[in-house]
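Student: I would like to take a close look at a single part of this model. Please begin with one helix and then connect it to its surroundings and to other places of interest.

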Amino acid sequence: MAATLKGVLQGSLADNVKNSKILVVGAGGIGCEVLKDLVLTGFKTIEVIDLDTIDVSNLNRQFLFRKEHVKKSKSQVARESVLKFNPDVDIKAYHDSVMSPDYDVNFFKQFTLVLNALDNRAARNHVNRMCLAADIPLVESGTAGYLGQVTVIKKGLTECYECQPKPPQKTFPGCTIRNTPSEPIHCVVWAKHLFNQLFGEDDPDQDVSPDTEDPELTAEAGQSALQSEAKTDEIGGIERKSTRVWAMNTGYDPEKLFNKLFRDDIKYLLSMETLWKKRRPPQPLNMTQLPSDTDGNSSAIRDQRQWSVKECANVFSDCLGQLKKELATQGDGGMLVWDKDDETALDFVASVANIRAHIFGIAMKTRFDIKSMAGNIIPAIATTNAIIAGLIIMEAIKILSGKIKSCKTVYLNRVPNDRNRLLVPCTLDPPNPKCYVCAPKPEVTVVVNCTRFKVGALQDKVLKSYLGMVAPDVEIDDGKGTIIISSEEGETEENNDKFLSDFGIRNGTRLKCDDFLQVYSLVVTIAHVEKLEEEKEFEVVGDLSELQPQEEQQQAANGSKPHNGGDKADGQCTVPCLNPWAVLTLSDL
């Protein structure tokens with residue numbers, strides 16, 4: 001069945017395809033289509049890596065999987081399925097994270113090229129850096145509903161994945177989440193925070209209790225709230241030390257938890273009268289006095305039917321019991337991790353979010369809608385994945401034919417552009433000389449309050465989360481070689497709770513940051529300020545902020561809109577756009 005058997009690919013190109021070794025990262029929506037296309041095109045040696053297992057929700061678009069495969073490894077089942085298309089292919093599957101230290105630069109160097117089919121930015125950043133370090137071509141891709149994009153990344157020739165800044169993931173001020181929610185997403189975020197407070201990793205930034213430091217509160221209003229009868233050190237006769245400890249001491253009693261979260265805390269919020277001068281005040285609920293059930297659309301499936309407040313309360317009660325048992329199996333110090341595909345965890349968030357929404361007069365949502373919001377899900381379209389996978393293979397073939405300079409960034413749009421085209425190819429841009437990843441000497445500036453920002457936050461929130469490092473080592477560039485963060489377990493853990501200023505770090509201090517796994521080095525310059533705007537703990541500025549694409553600047557000037565991804569404007573493309581219904585050839589793209 002492979003294309004080479006029919007002579008579609010001939011001569012040296014057919015040999016290059018047959019003799020190449022391909023790494024596919026991701027075996028989900030795009031990955032399944034890519035693997036199918038690879039074996040049918042004549043590729044003989046393929047390795048695929050994916051950490052996920054198959055969920056029922058995958059079956060409507062990931063056609064290598066069947067119902068009997070649910071809960072099994074995506075990469076391993078995908079391997080078994082595509083071998084039925086072409087049993088002569090040598091495929092190796094890894095059920096693992098590509099960010100594991102096992103997959104170092106030497107691992108990447110064994111491949112002819114890498115094809116990304118990922119769905120998260122952290123992994124994309126990591127594979128980008130590994131391919132740069134190994135000097136291996138990378139074909140990057142992504143889809144969002146009807147939109148899609150494919151591009152090629154080659155060290156020294158094209159922009160890398162991180163050459164242009166990506167829009168930050170949307171966050172919400174803590175005071176909005178805790179005190180004054182106005183949208184369903186605010187209630188969903190609060191519900192996820194509550195899950196972590198009760199069963200997961202305890203994070204002070206995710207406290208669900210009312211916020212007495214809300215910037216809208218005057219000193220008198222805040223003091224009045226503190227003295228309110230609604231705020232008490234004891235609830236149900238049990239001293240409240242923290243949400244987790246208090247809940248455990250009550251035995252996760254549903255009625256006590258419900259009345260504390262949805263009655264007492266709401267009454268406390270009402271005592272902050274300043275907040276409700278221009279807003280609809282919330283309405284406290286008592287578990288024994290809930291609004292009567294309404295039939296609603298009882299014939300609809302559970303995911304699509306709007307639950308009543310009483311039904312939400314019942315689901316909340318049932319979930320508490322199940323999650324309590326699950327937590328007990330984790331042993332002392334154990335915790336649960338929220339997963340959108342965990343039925344009980346999703347039911348908990350759906351019920352809690354809807355109860356809170358009802359209290360604040362916000363539209364309640366179906367379980368299906370809440371899953372999409374809580375999991376940051378954009379519905380996947382099978383045909384979009386198939387089109388993007390085909391484009392990935394076409395770019396890969398151009399690379400193997402020695403025509404990497406003719407590769408393109410190709411966008412798939414939802415509606416035709418002004419030239420009546422759905423597929424829009426654009427020339428690849430050269431590397432950004434100020435990129436903090438692929439520049440010859442990567443540098444970045446981080447703005448913090450050195451007297452309040454801890455070393456642990458620098459490691460986890462700045463270096464790992466924001467700048468994409470996996471296992472950083474950090475040395476102060478002070479001529480003494482002072483190491484404040486080590487990738488070796490246990491070496492510098494005692495530094496995590498110390499402030500940057502404790503190590504003499506101040507305005508202008510330079511930090512040498514290295515990630516051995518990624519073969520990546522970065523110089524971080526610290527800029528000290530007393531306070532940042534919008535409750536920010538830190539801000540990355542300097543050269544990084546100068547990486548705004550020229551297209552965005554042009555769009556701001558003339559009001560034009562980008563097509564998918566926002567990386568290129570229609571007017572910026574130098575390659576003629578394609579008729580979406582035409583037969584695509586390698587010369588077209």
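**A helix and its surroundings**

Tutor: In this predicted model, helix 15 spans residues 455-466, and its buried residues are Val455, Gly456, Ala457, Leu458, Gln459, Val462 and Leu463. A residue counts as buried when its relative accessible area is under 20%. The cover over these buried residues of helix 15 includes strand 11, strand 12 (472-476), strand 13 (483-485), strand 14 and strand 15. After helix 15 comes Gly468, which has a positive phi, near 75 degrees.

Two of the covering strands, strand 14 and strand 15, lead to another residue with a positive phi. The loop between strand 14 (510-515) and strand 15 (520-528) holds Val519. Val519 is not a glycine, although its phi is positive, at about 50 degrees. With a relative accessible area of 55%, Val519 is exposed, because a value over 50% counts as exposed.

Tyr252 also has a positive phi, of about 55 degrees, without being a glycine. Tyr252 lies in the loop between helix 9 (243-249) and helix 10 (254-270). Its relative accessible area is 7%, so Tyr252 is buried.

Strand 11, another part of the cover of helix 15, leads to a set of cysteines. The loop between strand 10 (423-427) and strand 11 (443-448) contains Cys438. According to the unreviewed UniProt entry, the annotation "binding site" covers Cys160, Cys163, Cys435 and Cys438. These four residues span 279 residues in sequence, but no two of their C-alpha atoms are more than 8.5 Å apart, so they gather at one spot. From this set, Cys160 and Cys438 belong to the lining of the second largest pocket.

How does Cys438 fit into this spot? Leaving aside residues up to four places away in sequence, Cys438 touches Leu132, Cys160, Cys163 and Pro431. Cys438 is partly exposed, having a relative accessible area of 26%. That value falls between the limits of 20% and 50%, so the residue is classed as neither buried nor exposed. Cys163, by contrast, is buried, with a relative accessible area of 0%. Cys163 sits in the loop between strand 6 (147-153) and helix 6 (174-178).

Helix 10, which follows the loop of Tyr252, opens the way to the packing of helices. Helix 10 and helix 12 have axes 12 Å apart and pack at an angle of about 25 degrees. Helix 10 is therefore roughly parallel to helix 12, since angles under 35 degrees are classed in that way. The crossing of helix 10 past helix 12 is right-handed. On the side of helix 10, Phe258, Phe262 and Ile266 make the contact, while helix 12 contributes Val352, Ile355, Arg356 and Ile359.

Helix 12 (residues 343-359) also packs with helix 7 (residues 184-198), at an angle of about 125 degrees and with the axes 8 Å apart. Helix 7 and helix 12 are therefore oblique to each other. This crossing, too, is right-handed. Among the residues in contact are Trp190, Leu194, Phe195 and Leu198 of helix 7, together with Phe348, Val349, Val352 and Arg356 of helix 12. Val352 and Arg356 of helix 12 thus take part in the contact with helix 10 and in the contact with helix 7.

Notes: Residues numbered from 1 in each chain as written. Predicted model: local features only at pLDDT ≥ 70, side-chain atom pairs only at ≥ 80, totals over all residues. Heavy atoms only, no water. UniProt positions renumbered as here; feature names shortened; annotations may be inferred. 1 Å grid on protein atoms, 1.4 Å probe; cavity = no way out; pocket = protein on both sides within 12 Å on 5 of 7 lines; lining within 4 Å. Helix = DSSP H or I, 4+ residues; strand = E, 2+ residues; numbered from the N terminus. Buried < 20%, exposed > 50% of the residue type's maximum accessible area, 1.4 Å probe, protein only. Contact = heavy atoms within 4.5 Å. Axes fitted to C-alpha atoms, helices over the stretch in contact; angles between N-to-C directions. Parallel < 35°, antiparallel > 145°, perpendicular 65-115°, else oblique. Left-handed = near helix turned anticlockwise from the far one by under 90°.
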